[in-house]
Amino acid sequence: MARTRSPSSWKNLLLINRHETDFIMAGKKNPLNLNALQLKTLTLFQALSSLEGYAAPAEQEGHVLIQRLPHAHGDHFHLGPWVLAARDASGLTNQAVWHALERKGLIQSMFPRACILTPAGQSYDTGLRQSMLHEGHH
């Protein structure tokens, strides 16, 4: 008779594997159960990690240091070629959001100045990139 895993053993398996650099998303969206603000903030960190002047390679291989954060003016802010609603960036100034992302192995926090985006954070599919990042011109 085959043994099945109890729900608590699945939770332990997730805790062990969530800090690895590659997520196997096996059909489940948002496997770390990030809330909406955490997903938005991670999406911004991912976008920042690709922009010159905001990010640079970190000391650890595969990690990216986000050393500069954007500031909103009015109800929006500019991020490279994109324009974003300021309301979507409130997590950039929320220490609890940074702490949650760090606890889940997606960033290493240096709140409020900078963070290091881990490979897991870079590869996590938030599903928000297209809806949040709008190409815009001033």
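**Note on helix 3, its packing and the nonpolar core**

1. In this predicted model, the face of helix 3 that is turned away from its buried side carries two exposed residues, Gln95 and Ala96. This face is a convenient starting point for reading the rest of the chain.

2. The buried residues of helix 3 are Val97, Trp98, Ala100 and Leu101. They lie on the same side of the helix because the arc they cover around the axis is only 160°. A general rule about helices helps here: an α-helix has 3.6 residues a turn, so residues three or four places apart point the same way.

3. What do the buried residues of helix 3 pack against? Their partners are helix 2, strand 5 (residues 107–110) and strand 6. The partnership with helix 2 is described next.

4. Helix 2 spans residues 36–48 and helix 3 spans residues 95–103; their axes are 10 Å apart and the packing angle is about 80°. Helix 2 is therefore roughly perpendicular to helix 3, since angles of 65 to 115 degrees count as such. On the side of helix 2, the contact is made by Leu37, Gln38, Thr41, Leu42 and Phe45, and on the side of helix 3 by Val97, Trp98, Ala100 and Leu101. Seven of the residues in this contact are nonpolar and two are polar, while none is charged.

5. The largest nonpolar core of the model contains 31 residues, and Leu44, Phe45 and Leu79 are those with the most contacts inside it. At least two residues of this core come from each of helix 2, strand 2 (64–66), strand 3 (76–79), strand 4 (82–85), helix 3 and strand 6 (114–117). Helix 2 supplies the largest share, with six residues. As general background, nonpolar side chains in soluble globular proteins tend to be buried together.

6. Phe45 deserves separate attention. Leaving aside residues up to four places away in sequence, Phe45 touches Ile66, Leu69, Leu92, Trp98, Leu101, Ile107, Cys115 and Leu117. Two of these names, Trp98 and Leu101, also appear among the buried residues of helix 3, and Phe45 itself belongs to the contact of helix 2 with helix 3.

7. For the chain as a whole, the secondary structure comes to five helices and seven strands. Read from the N terminus, the order of elements is α-α-β-β-β-β-α-β-β-α-α-β. The chain has 138 residues, of which 41% count as buried. Among contacts between residues at least 6 apart in sequence, 60% join residues at least 24 apart.

8. Two residues in the loop between helix 1 (7–17) and helix 2 should be checked in the backbone. Asn30 is found in this loop, and Asn33 lies there as well. Asn30 has a positive phi of about 55° although it is not a glycine, and phi of Asn33, also a residue other than glycine, is positive and near 55°. Are these residues buried or exposed? Asn30 counts as buried because its relative accessibility is 17%, which is under the 20% limit. Asn33, by contrast, is exposed, with a relative accessible area of 54%.

9. A last backbone feature concerns the peptide bond between Phe111 and Pro112, which is cis, with omega of about 0°. Pro112 is located in the loop between strand 5 and strand 6. Strand 5 and strand 6 are also elements against which the buried residues of helix 3 pack.

Terms used: Residues are numbered from 1 along each chain as its sequence is written. This is a predicted model: local features need pLDDT of at least 70, side-chain atom pairs count only at pLDDT 80 or more; totals for chains, interfaces and linings use all residues. Side-chain values use heavy atoms; hydrogens and water are left out. Axes are lines fitted to C-alpha atoms, for helices over the stretch in contact, and angles run from 0 to 180 degrees between N-to-C directions. Helices (H or I, at least four residues) and strands (E, at least two) are DSSP runs, numbered from the N terminus. Angles under 35 degrees count as roughly parallel, over 145 as roughly antiparallel, 65 to 115 as roughly perpendicular and the rest as oblique. Contact means heavy atoms within 4.5 Å. Ala, Val, Leu, Ile, Met, Phe, Trp, Tyr, Cys and Pro count as nonpolar, Asp, Glu, Lys and Arg as charged, and the others, Gly among them, as polar. A nonpolar core is a set of buried Ala, Val, Leu, Ile, Met, Phe, Trp, Tyr and Cys residues joined through side-chain atoms within 4.5 Å. Buried means under 20% relative accessible area, exposed over 50%, partly exposed in between (1.4 Å probe, protein chains only). The arc is that of the directions from the helix axis to the C-beta atoms.
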